[in-house]
Amino acid sequence: MILRNGEIALGGRAETIRADIRVVGERIIAIGRDLPSDGNGELDLSGLVVFPAAIDPHVHFDDPGFTHRED
């Protein structure tokens with residue numbers, strides 16, 4: 001799959017770059033401009049910022065159904 005035209009935030013840089021991302025399985029295998037199609041679909045990310053490999057640690061332990069409470 002190719003993710004096209006995203007504003008990509010790369011570690012260690014203050015600015016973003018506009019580029020495409022090639023994903024195979026669950027791995028990013030290439031980042032670059034105008035990557036050739038791989039025949040596995042494309043998604044246009046124009047206007048979106050992409051954070052490759054970012055993990056959102058945001059958790060609500062006090063949501064209904066949880067047995068833990070935030071303190």
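**Exercise 1. State how confident this predicted model is, for the chain and for its strands.**

Solution. Start with the chain. Its mean pLDDT (the predictor's confidence in each residue, from 0 to 100) is 85, and 82% of the residues reach 70 or more. Now go to the elements. Strand 4 (residues 42–44) has the highest mean, 96, and strand 5 (residues 49–50) the lowest, 91. Where pLDDT is low, predicted coordinates should not be read in detail.

Two conventions apply throughout. The model is predicted, so local features need pLDDT of at least 70 and side-chain atom pairs count only at pLDDT 80 or more, while totals for chains, interfaces and linings use all residues. Residues are numbered from 1 along each chain as its sequence is written, and side-chain values use heavy atoms, leaving out hydrogens and water.

**Exercise 2. Describe the fold and surface of the chain.**

Solution. Count elements. There are 5 strands and 0 helices; both are DSSP runs numbered from the N terminus, strands being E with at least two residues and helices H or I with at least four. The order from the N terminus is β-β-β-β-β. Next, burial. Of the 71 residues, 21% are buried (under 20% relative accessible area; exposed is over 50%, partly exposed in between; 1.4 Å probe, protein chains only). Last, contacts (heavy atoms within 4.5 Å). Among those with a separation of 6 or more, 40% join residues 24 or more positions apart.

**Exercise 3. Work out the surroundings of R22 and R4.**

Solution. Take R22 first. R22 sits in strand 2 (residues 16–24). Its relative accessibility is 13%, so R22 counts as buried. A polar atom of its side chain lies 2.7 Å from the backbone oxygen of P36. Beyond four places in sequence, R22 touches residues including M1, I28, L35, P36 and D38.

Then R4. R4 belongs to strand 1 (residues 2–9). R4 is buried because its relative accessibility is 14%. Outside four places in sequence, the contacts of R4 include A19, D20, L35, P36 and E42.

**Exercise 4. Locate N5 and D34, and say whether each is exposed or partly exposed.**

Solution. N5 is in strand 1. Its phi is positive, about 65°, although N5 is not a glycine. At 30% relative accessibility, N5 is partly exposed.

D34 lies in the loop between strand 3 (27–32) and strand 4. Its phi is near 55°, again positive in a residue other than glycine. D34 has a relative accessible area of 69%, so D34 is exposed. D34 is also one of the residues in contact with R4.

Note on methods: Polar contact = N/O pair within 3.5 Å; in protein donor to acceptor, adjacent residues only side chain to side chain.
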